[in-house]
Amino acid sequence: MTRALESLLHAANQVVLGKEIQIRLAICCLLARGHLLIEDLPGVGKTTLAHTLAKLMGMDYQRIQFTSDLLPADILGASVFEPEKQQFTFHPGPIFRQMVLADEINRATPKAQSALLEAMEERQVTVEGKTYALPQPFFVIATQNPSHQLGTFPLPESQLDRFLMRLELGYPSAAAERALLAGQNRQQLIQTLQTQLLPEDLQAMQLAIAQVHTAEPLLDYVQAILAFTRRSQEYACGLSPRAGLALMQAAKTWAFMQQRDAVIPEDVQAVLPAVAGHRLRPSSNDAEAIVAPILAQVAIP
Amino acid sequence: MSNSKQAELASAQVFSMLLGAVGLTVLPHAWNLSWDIFLGFFVLWSWRCIGVWRPRYLPSKALLFAVTLLSLGFLYSQHQGVFGRDAGTRIFVIALGLKLLEIKTIRDVQLTVNFAFIIAATLFLYQQSLLMAAYIIVVCLSLLMTLNAIHSKITDVMLLARCVGVMLLQALPVCIALFVLFPRLEAPRWAFLNERTLTKSGLSDTLEPGSITDLGLSDELVFRVKFTGSRPPPDELYWRGPVFSHTDGKHWTPSLSNKARRHPDDLRFAGNSYNYTLLLEPQSKPWVFALDMPASLAPNLVMNADYQLITTVNPEQRAEYALRSYPHYNTGVLPPIEAQENLALPQTISPEIKNLVGELAGFTQPPAVFIQAVLRYFREQPFYYTLSPPLMVEHPIDTFLFQTRTGFCSHYATAFVYLLRVAKIPARVVSGYQGGKLNAIGEFLEIRQADAHAWAEVWLAGQGWVRFDPTAAVAPERIQQGVNIDMQLASGTVNFSLFDAAAQHGVLAQWYQTLRQGWQNVDYSWQRWVINYNTANQASFLQGLGMQDMATALRWLLISIALCTFSIFVFLMRRPVRVPDRALRHYQRFLRQLARHNLVCATGETASAFAQRVGEQLPACRAEVEQITQLYLQCRYGKQVEVAQLQTLAKLAAGFKLKA
């Protein structure tokens, strides 16, 4: 199981260069059954990362390019009248896949966004009164451009909350960029990737993650963090209980990925920027900066 | 009261708790009160129970008043007053039942609970056993739970029980201080303890063996003895009771003239002595059963002319006596009046008996030889020991000696004494107890009614009164082992309870014995240390603690109550600091070491990050620091912490020294 995880990480690092931490967090997010939001400038490898993960995890994959004229039916599917059968038949939309890459999600109108986000929360789709279950597992990796760019509809906080983690990729380091420039085409590289994770592996990992121990002092620490965000002047509003659950789940998964059977404060600290960064109304947009006061001021019990 | 209209009404839950607690309080009075009072109370109680759910069935004020008058009239007609234990308890119980019917507000509930505490106290007037004490604790618990429910508004019963349990535990030190130090009131217990606690069977002052066909043995406890030093062998365990000198051929009664001691100083002792304390259960007669022959007397005892101990205090109270006895003694000369008394026989002596005495050389040989001959006669002729002998109405001695030849100790003792008197040897019957069962846990002997025994005393020149036990000649095991109540249970001679009988067989027997002995030991301690803690015992105990008078004791009482209250106050008021677990304590010790060298773990810095920082600054310690950190994380956050890991962490943290 750990070997599968290691080879998954290794293979992903071969494609997306110099982003070990982000890749690890992204995989952590998916193992924790969470949806992932990747935010950064165009062209830093968001789509490549999402595509790579889908391929390596052996899931059927669909990309939806969000544009300002995208309609909910373009995501969910629609009933079409078939003249030879004289009846309406539901044609499932691109969302009926195990892994959906919602590219540039903040380019679409709120109506289209909410169609996707509802599916993420319920893991089912209702079209014209009929409910269709989405495949299992179901992951959404959304990418968005920084909200200050032109032509974007920023996601409201309630919808940001649906994403377990938000990652920022950033520019690659010089060495990584040089390797990228010297190496072969990334799209072709992705096509040659082998599946590293079988569905039963994923299931076993998720079971193992549920078994990871959280000691009383650790729960104290997480509670202290939650209390601090609610009390502190740095944030407009604190972390919700759902955010607390997300933090625990992510920390447990992180501890599992570090091959530990119990969560320690470092695990919480490692996932905190990704989990809490987009849930706290920021004064600056930098996740690290947002959570920095937490890390610096909350004592580890 | 002006605010009683706005007073809070009691909820159904408070009612059910109150009714449950009150029901529990009165329940044991089923054994103490007459059935009409008991039933009357529970009728009122049930009425109230119905009223909780159907308030319209509750009595109106007028009806309640009428019921009250009726009850009072009934009580008055029964007791002609309110004095005495029974009358008082009855009034309390009925008043409690009536009070239940008029409860409406929380305030009424509180009053009723306080009243129920008094009823709980009356239970002690009837029974003072350990079991009753335990029961009353349960009653108090339930009453306090009701009070607590009113005030705290807690509805969870388990939580209430926990709160009240903690409260009772907090009250325990004060309770002990009050018990030990508060002046004991010397209440005349016999005035309010009824006869139920007293012995029903027991030794009688008349012996009439022929009229008994079935010796009713009970396992009722008579007294307990604890020896300091060595214990006598079983064949010396004769506990002396009334002595029978006078007979009319059928009945045996004590000497008619033994009211005063006639020979105060001719008892001479020899050999070793046994010291013991004797805890006598309540008796109807003032007899104290000392080991033959008692020498030093407790101040409240006198010895009568038959060397029997008589207590001068009320025998209906449980009492403890410290005694010393010598198994070897000489009673000296026999005054003529006593000799005459112990030779006297009814007018007619049958020729068969005269023949028998002649055959056994009673008229020719010295007394010692004749006694041996009689004992041999009992042993060699077909005499049998039984607890169910046939009835011997006319001439019981003749019938026993020549026809039935079966009987128990009294038959043998009386026949033996009779034969000796025919041979002109002074002899008399002594009754009392023989043997006793050793409680292995408490190391004391328990003597029960079943150990009752009768033996003979013969006056021999130069030796005084000498004990002979003719029963031993027939049934030596009776003397060696005592009347083994268990053996008799097994043989079906006596039956006390199914459980006792069942316990004789099978694997349960040993457990049962151990349990029984353990329980009896606890009960012994309870009786001895708690119930028997009276003015005299308290005074000597307090003197042992260095408190000479009551004023000092009361001062100490106030001091100890103040101390208890203060410590509970401090305990309750302390800041609720979360106790860091042991791993954290060890780790903090390690941190203190590092802090001396300005290596301080920052707020929010993880242990691993700190370890890395320390490792960079002090490469010499890196391995050790990392090991301690790993162990700490394992112990503090890990799933299963092994004791060994914690110990290693403690050792490493304690031994950690900085290496430059």
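User: A residue counts as exposed if 12 or fewer other C-beta atoms lie within 10 Å of its own, and as buried if 20 or more do. In this predicted model, which exposed residues does the face of H21(B) turned away from its buried side carry?

Analyst: Helix H21 of chain B spans residues 582–595. Its buried residues are B:Ala583, B:His586, B:Tyr587 and B:Phe590. Seen down the axis of H21(B), these buried residues fall within an arc of 95°, so they line one face of the helix. The face turned away from that buried side carries the exposed residues B:Arg592 and B:Ala595.

User: Which helices are included in what covers the buried residues of H21(B)?

Analyst: H21(B) has 14 residues and reaches 20 Å from its first C-alpha to its last, close to the expected 20 Å. The cover over its buried residues includes two helices of chain B, namely H23 and H24 (643–655).

User: On how wide an arc around the axis do the buried residues of H10(A) lie?

Analyst: Helix H10 of chain A, residues 216–231, reaches 22 Å from its first C-alpha to its last, close to the 22 Å expected for its 16 residues. Its buried residues are A:Leu218, A:Tyr221, A:Val222, A:Ile225, A:Leu226 and A:Thr229. They are on the same side of H10(A), because the arc that they cover around the axis is only 130°.

User: Which helix of chain B is included in what covers the buried residues of H10(A)?

Analyst: On the face of H10(A) turned away from its buried side are the exposed residues A:Glu216, A:Arg230 and A:Arg231. The cover over the buried residues includes H11 (241–257), H12 (265–276) and H13 (287–297) of chain A, together with one helix of chain B, H23.

User: How many residues does helix H23 contribute to the side of chain B that touches chain A?

Analyst: The contact takes 17 residues from chain A and nine residues from chain B. By class, the chain B side has two nonpolar, five polar and two charged residues. The largest share of that side comes from H23 (residues 622–637), and the number is three residues.

User: Which strands stand at the edges of the five-stranded sheet in chain A?

Analyst: This open sheet has parallel pairing and the order E2-E5-E8-E1-E9. Neighbouring strands are turned by 20° against each other on average, direction ignored. One side of each edge strand is left without a neighbour in the sheet because each has a single partner strand; the two are E2 (61–65) and E9 (163–167).

User: Which residue in E8(A) stands opposite A:Met99?

Analyst: Strand E5 (residues 99–103) and strand E8 (residues 139–144) of chain A pair in the parallel sense over four bridges. Opposite A:Met99, in E8(A), stands A:Phe139.

User: What is the bridge partner of B:Val302 in E11(B)?

Analyst: Chain B has an open sheet of three strands with antiparallel pairing, in the order E7-E11-E10. Strands E7 (287–288) and E10 (301–303) each have a single partner strand, so one side of each is left without a neighbour. E10(B) is joined by three bridges to E11 (residues 309–311), and the two run antiparallel. Within E11(B), the bridge partner of B:Val302 is B:Ile310.

User: What percentage of the residues in chain A is buried?

Analyst: Chain A has 13 helices and nine strands. Among its contacts with a separation of 6 or more, 76% join residues 24 or more positions apart. Of the 301 residues in chain A, the buried share is 43%.

Note on methods:
Residues are numbered from 1 along each chain as its sequence is written. Chains are lettered from A and ligands numbered from 1 in the order in which they are written. This is a predicted model: local features need pLDDT of at least 70, side-chain atom pairs count only at pLDDT 80 or more; totals for chains, interfaces and linings use all residues. Two strands pair if DSSP finds at least two bridges between them. Axes are lines fitted to C-alpha atoms, for helices over the stretch in contact, and angles run from 0 to 180 degrees between N-to-C directions. Two residues are in contact if their C-beta atoms, placed from the backbone, lie within 7 Å. Ala, Val, Leu, Ile, Met, Phe, Trp, Tyr, Cys and Pro count as nonpolar, Asp, Glu, Lys and Arg as charged, and the others, Gly among them, as polar. The expected span of a helix is 1.5 Å times one less than its number of residues. The arc is that of the directions from the helix axis to the C-beta atoms.
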